[in-house]
Amino acid sequence: MKKTFQLSPILLIVCLGLLILFPFVYDSRSLMIMFTQIFIFAVFAMSYDLLLGYTGIVSFGHAMFFGIGAYSTGILLDRGDPTLMLLVVSIVLGMILAAIVSYLVGLLTLRLKSHFYAMLTLALAGLFLVMAEKWRTLTFGNDGFTFSVPDFVKDRLTFYLVCLAVMVVVFLLLKRLTNSPLGKVLVAVRENEARTQSLGYQTIHYKIIASVIAGVLASVAGSLYVLSLRFVNTSVFTMDVTLDALLMTIIGGVGTLVGPILGAGIIEVSHHWLSELGKTYPIFERWIIFFGILYILAVMFFPAGIVGTLRGKKWKKKKQEQSNKEKEIAG
């Protein structure tokens with residue numbers, strides 16, 4: 001069984017301290033917005049990592065839970081008085097709806113294996129996209145709609161700190177989950193589902209639990225995302241959203257939790273940087289091409305993701321040192 005990645009708590013605390021101090025030390029609205037987006041997509045990517053990295057489930061429909069959270073928050077704040085209480089209710093409602101949908105989807109599809117499950121989740125996500133486009137009285141279709149947010153969220157600094165706090169809480173919860181007996185069973189399912197079943201575990205139940213937790217966390221990310229934009233349209237249900245989570249997880253390191261956070265940072269910073277370069281240099285106007293090159297280079301030089309590759313090198317170094325010590329003792 002693969003070793004789980006352990007990162008120094010001191011390093012994590014230092015990084016957290018720097019992120020907290022950043023908006024007070026360096027006053028840049030654009031960078032604060034970019035970091036806020038990183039925190040939001042880090043939550044989304046970590047929810048996907050629970051499926052892919054810890055349970056071995058490849059889903060192409062994770063965007064439907066993101067979209068459920070986005071529309072739950074957007075519609076309630078648009079139709080009602082934008083108060084803090086209504087905001088909390090809208091986020092909780094999105095979490096409940098995502099839990100119900102992820103439970104039903106998991107119950108119907110998780111008995112399928114490999115690409116059959118992945119393609120069915122893609123079809124279900126497409127169903128939600130079509131429904132959002134056709135139900136124009138509620139969603140306004142692809143045109144979308146803007147909405148007001150509580151005064152508490154309008155302040156960019158406050159929203160920055162809220163998103164940072166949510167990311168940290170999600171990371172700690174998932175860290176605790178993956179280190180628990182439940183998490184060990186999920187890893188066993190990823191490594192060898194047939195053997196796990198032979199030990200008496202009902203693997204379908206564990207996979208559904210992982211699917212529900214991942215769906216709920218994805219809905220939270222969707223709610224925060226539309227709050228940052230104060231606008232929502234059907235793009236939250238598209239395949240691109242799921243691919244972003246997949247690429248963030250793969251680039252950062254599958255099955256590490258820290259990796260998706262790093263992957264979200266790399267992708268959002270690259271997106272921001274290449275877009276800014278496109279305003280000055282015409283060659284960067286087609287920045288999506290350079291974005292693709294970045295993905296290719298990341299996969300070539302970090303086949304297990306950045307965190308995963310560094311972990312592997314560290315593990316090999318320790319193994320080599322241990323082997324050398326054994327040889328010295330034997331000699």
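What follows is a conversation between a trainee and a mentor about the structure above.

Trainee: Before we start, what kind of model is this, and how are residues numbered?

Mentor: This is a predicted model, in which local features need pLDDT of at least 70 and side-chain atom pairs count only at pLDDT 80 or more, while totals for chains, interfaces and linings use all residues. Side-chain values use heavy atoms, with hydrogens and water left out, and residues are numbered from 1 along each chain as its sequence is written.

Trainee: How many helices and strands does the chain have?

Mentor: Helices (H or I, at least four residues) and strands (E, at least two) are DSSP runs, numbered from the N terminus. On that basis, the chain has 15 helices and two strands.

Trainee: Is helix 11 largely enclosed or open?

Mentor: Buried means under 20% relative accessible area, exposed over 50%, and partly exposed in between (1.4 Å probe, protein chains only). In helix 11, 22 of the 27 residues are buried, so the rest of the structure leaves this helix largely enclosed.

Trainee: What span should helix 11 have, and how far apart are its end C-alpha atoms?

Mentor: The expected span of a helix is 1.5 Å times one less than its number of residues. Helix 11 has 27 residues (203-229), so the expected span is 39 Å. The end C-alpha atoms agree with this, at 39 Å apart.

Trainee: And which residue just after helix 11 takes a positive phi?

Mentor: Look just past the end of helix 11, where phi is about 60°. The residue is arginine 230.

Trainee: How are the rings of tyrosine 201 and tyrosine 206 arranged?

Mentor: Rings of Phe, Tyr and Trp (its six-membered ring) pair if their centres lie within 6.5 Å; planes under 30 degrees apart count as stacked, over 60 as edge-to-face and the rest as tilted. The structure holds 13 aromatic pairs. For tyrosine 201 and tyrosine 206, the centres are 5.9 Å apart and the planes at 75°, so the pair is edge-to-face.

Trainee: Which residues do ring pairs link into a cluster?

Mentor: Here the rings come from both phenylalanine and tyrosine. The cluster is made of Phe22, Tyr26, Phe35, Phe39 and Tyr160.

Trainee: What volume does the largest cavity have?

Mentor: On a 1 Å grid over the protein atoms alone, a cavity is a set of points where a 1.4 Å probe fits but cannot get out, and lining residues have an atom within 4 Å of a point. Grid points are joined across faces, edges and corners, and a volume is the space filled by probe spheres set on the points. The count comes to two cavities of 30 Å³ or more, and the largest has a volume of about 40 Å³.

Trainee: Which elements give two or more residues to the lining of the largest cavity?

Mentor: The lining includes Met64, Phe65, Tyr117 and Thr121. The elements you want are helix 3 (63-79) and helix 5 (114-134).

Trainee: Which residues does threonine 139 touch, leaving out those up to four places away in sequence?

Mentor: Threonine 139 is found in helix 6 (residues 136-139), and counts as buried at 5% relative accessibility. Contact means heavy atoms within 4.5 Å. The residues touched by threonine 139 are Tyr71, Ala132, Gly144 and Phe145.

Trainee: How far apart are the C-alpha atoms of serine 270 and phenylalanine 291?

Mentor: Serine 270 lies in helix 13 (residues 258-280) and is in contact with Phe291. The two are 21 residues apart along the chain, and their C-alpha atoms are separated by 7.4 Å.

Conventions. On a 1 Å grid over the protein atoms alone, a cavity is a set of points where a 1.4 Å probe fits but cannot get out, and a pocket is an open set with protein on both sides within 12 Å along at least five of seven lines; lining residues have an atom within 4 Å of a point.
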